Amino acid sequence: MSLLTQYAFLIVPIVKVAVLILIVLTVDAYLTWIERKVVAHIQSRWGPHRVGPHGLLQPLADGVKFIFKEDPLPANVDKVAYFLAPFLALMLALTSLAVIPFGPDIPVLGHRLTLSVADVNISLLVLFSITALAVYGVALAGWASNNKYSLLGGLRSSAQMISYELALTLSVVGVLLVAGSFSLREIIEHQANGHLGLLGWNIFGFTKDGVGFTQIIGFFCFYIAAIAETNRVPFDLPEAESELVAGFHTEYASMKFAMFFIAEYTSMITISCLATILFFGGWLSPFPASWTLTHYVPSLLLIPLGLWVIFDGLRYENIFGRIVLPGVGVVLAAIGAGLIVFPAVNDAIQGVFWFLTKVFTFLFIYVWMRGTLPRFRYDQLMSFGWKFLLPVSIANVVLTSAVVLWRMH
Amino acid sequence: MTGALVIFFALAALAVVGSVSLILQREPIHSALSLIVVMVALAGLYLLMGAEFVAAVQIIVYGGAIMVLFVFVIMLLNAGEEERTNFSKLATFAGIPLALAVTGFIAAAIAHSSASLPAPEPSGALTSTKTLSMLLFSDFVYPFELTSFLILVAILGAIVLAQREN
Amino acid sequence: MVPTNYYLILSAILFGLGIVAFVFKRNVIAIFMAIELMLNAVNLAFVAFSQSFGKVDGEVFVLFVIVVAAAEATVGLGIIILTARNRRSLNVERVDLLKL
């Protein structure tokens with residue numbers, strides 16, 4: 001037993017890493033399902049609905065397809081860069097999740113459990129370093145493929161990522177000025193205004209020590225720059241199918257393409273987490289702390305969801321629908337009921353619940369934009385990044401620093 | 001062997017292997033990748049010394065901007081393998097040992113001069129960004145403004161160089 | 001703790017390797033990368049001394065060195081692109097005439 005506690009500083013992060021990777025890969029897979037269903041419903045069609053009820057087994061089928069597909073190696077590729085690029089992209093995307101705090105400290109078995117794999121005091125800088133290095137995955141993939149369309153797509157995409165990285169970093173400086181620290185946990189705690197709840201978040205700016213300023217300009221610059229960084233619609237010209245075959249990942253198939261795919265969705269998740277932490281209060285509840293009845297909101301959501309899943313499963317005639325879906329529904333309803341019965345567990349998961357709700361809202365907005373917006377032409381994209389977004393970010397920094405200086409006196 | 005020494009030797013070995021790989025690689029893109037490995041190893045060493053902001057700036061600016069510039073130029077110019085050299089044999093057989101001897105001499109001089117360094121022992125404390133910025137904007141504000149001017153001049157120079165002759 | 005000498009010896013080794021790369025490589029971009037390696041070795045020495053003395057001045061100077069290296073890389077690579085396009089080769093031994 002003493003060996004376990006002696007090496008606890010090593011074992012606990014490893015367990016956290018394993019749990020985090022498992023959860024993130026599952027969320028990635030089901031994010032593709034959400035994307036296909038939501039885009040389909042926006043376009044007045046069904047989306048995947050044959051593989052399992054509501055198409056829920058579609059990500060599993062896609063995974064099996066990726067594993068069994070042939071993985072060709074094109075001739076005359078630069079082998080080091082060809083194999084390094086998807087590996088680098090995936091490694092960087094997954095590493096950036098290590099510094100994100102998913103909730104407040106939870107008291108577990110007498111010890112405090114920090115809900116982030118690594119709690120460093122420069123976590124925001126670590127995230128920016130990883131974003132800066134992510135350009136290499138794309139650039140090397142374009143170069144190594146020995147294909148002029150890939151090279152063009154890779155160069156365009158890297159140039160786009162570098163241009164918007166400036167606006168991304170500058171738009172966060174306003175938040176740093178207000179919070180006074182690089183640590184994501186301290187940025188969240190700075191937004192914790194107990195009386196006003198929702199209004200204490202950085203987007204509204206009524207923080208507890210009075211030094212806040214609304215970061216709404218910063219939020220819009222950040223979100224637009226972040227969409228450009230992750231190469232999503234409306235900034236996805238470098239990987240659009242109708243423009244450049246498939247851009248920088250044309251020559252990649254099966255598992256290497258799956259690595260790029262997972263890296264893109266994981267960076268979407270990271271950006272959504274960052275947006276909630278920096279501007280929307282992270283794990284803070286939107287209700288003031290004195291409204292203690294709002295602690296039951298997770299149960300209020302889980303129990304009806306569980307009941308709906310039970311009744312939906314009974315519609316189906318195959319085993320998956322008749323047995324598994326009601327089983328899942330019963331588990332969800334039981335969790336919801338258990339939260340009411342055990343208030344200690346309820347308090348512990350409040351932070352995580354609000355964090356996940358906000359992250360999924362941002363992911364839904366990402367998918368919503370994919371379904372509705374057309375894409376930018378490349379010169380429009382670059383001129384927007386340099387001539388509009390960068391000056392607006394700099395203006396936000398100047399304005400925020402003026403207000404913070406004025407309020408500090 | 002404390003943990004800090006183990007990490008130091010690991011990162012130092014990575015940096016030296018990266019630099020040797022920079023010399024020995026034939027394709028310039030592989031040399032660029034080796035240099036990126038050196039940059040990241042050095043950023044790790046800065047973190048070990050407690051300079052957290054400098055480590056982040058090293059990765060963001062050096063590894064994420066300057067080296068990307070190098071990689072872009074290599075891709076644009078389609079730089080291929082290096083050609084065979086027609087260096088004299090004397091240069092290779094006398095030059096490399098001489099360079100190693102100079103390096104060894106400097107290293108030995110440093111190792112023997114430990115008595116002359118003012119020896120406050122490294123405290124292992126983290127240098128906060130606040131301390132760095134207080135110094136940067138009070139004592140060093142004049143060089144700071146000069147470097148901003150330098151960057152402006154460099155941007156203008158790059159634009160002028162990139163223009164086509166009309 | 002790691003003694004400061006270890007960092008300085010590493011800095012000397014990296015600087016020496018940068019000199020070897022500078023002298024022996026023919027590709028002009030590789031020579032430029034050797035210059036960046038030498039600048040990095042010097043940065044390491046600065047931060048090591050800053051930690052040893054307990055003052056932050058060394059780290060401030062490292063920031064300036066990084067900025068200067070960025071500006072130099074920008075203009076230098078622009079010149080390299082133009083020269084390479086004119087002479088159609090990236091070999092420094094080919095740039096041996098005074099007129100283009």
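Chain C comes to 3 helices and 0 strands, where helices (H or I, at least four residues) and strands (E, at least two) are DSSP runs numbered from the N terminus. Read along the sequence, the pattern of chain C is simply α-α-α. What you're looking at is a predicted model: local features need pLDDT of at least 70, side-chain atom pairs count only at pLDDT 80 or more, and totals for chains, interfaces and linings use all residues. As for names, residues are numbered from 1 along each chain as its sequence is written, while chains are lettered from A and ligands numbered from 1 in the order in which they are written.

Let's stay with chain C for a moment. Its radius of gyration is 17 Å, whereas a compact globule of 100 residues would have one near 13 Å. That radius is taken over C-alpha atoms, and the globule rule is 2.2 Å times the number of residues to the power 0.38.

Now for chain A, which has 13 helices and 2 strands. Its radius of gyration is 23 Å, close to the 22 Å that the globule rule gives for 409 residues, so chain A is as compact as a globular protein of that length.

Here are chains C and A, one per row. In the table, a residue is buried if 20 or more other C-beta atoms lie within 10 Å of its own (exposed if 12 or fewer, partly exposed in between), with C-beta atoms placed from the backbone. Two residues are in contact if their C-beta atoms, placed from the backbone, lie within 7 Å.

| Chain | C-alpha box along the principal axes | Buried residues | Contacts with a separation of 6 or more that join residues 24 or more positions apart |
|---|---|---|---|
| chain C | roughly 55 × 25 × 20 Å | 54% of 100 residues | 48% |
| chain A | roughly 65 × 65 × 55 Å | 42% of 409 residues | 74% |

Chain A also comes with a domain assignment: domain 1 (1–67) and domain 2 (69–290 + 342–408). These bounds come from an automatic or database domain assignment. The C-alpha centres of the two domains of chain A lie 19 Å apart, and their contact takes 18 residues from domain 1 and 17 residues from domain 2. On the domain 1 side, the elements giving two or more residues are α2 (8–42) and α3 (58–68) of chain A. The top contributor there is α2(A), with 15 residues. By class, that side of domain 1 has 12 nonpolar, 2 polar and 4 charged residues. Here Ala, Val, Leu, Ile, Met, Phe, Trp, Tyr, Cys and Pro count as nonpolar, Asp, Glu, Lys and Arg as charged, and the others, Gly among them, as polar.

So how do the chains meet? Of the 2 pairs of chains that touch, chains B and C have the most contacts. In that pair, 58 residues of chain C are in contact with 73 residues of chain B. On the chain C side, α1 (4–24), α2 (28–53) and α3 (57–87) each give two or more residues, and α3(C) gives the most, with 22 residues. The chain C side divides into 43 nonpolar, 11 polar and 4 charged residues.

Chain B also touches chain A, in a contact that takes 12 residues from chain B and 17 residues from chain A. On the chain B side, α2 (28–48) and α3 (52–77) each supply at least two residues, with α3(B) giving the most at 9 residues. That side of chain B has 7 nonpolar, 4 polar and 1 charged residues. Chain A and chain C, on the other hand, do not touch, and their nearest C-alpha atoms are 15 Å apart.
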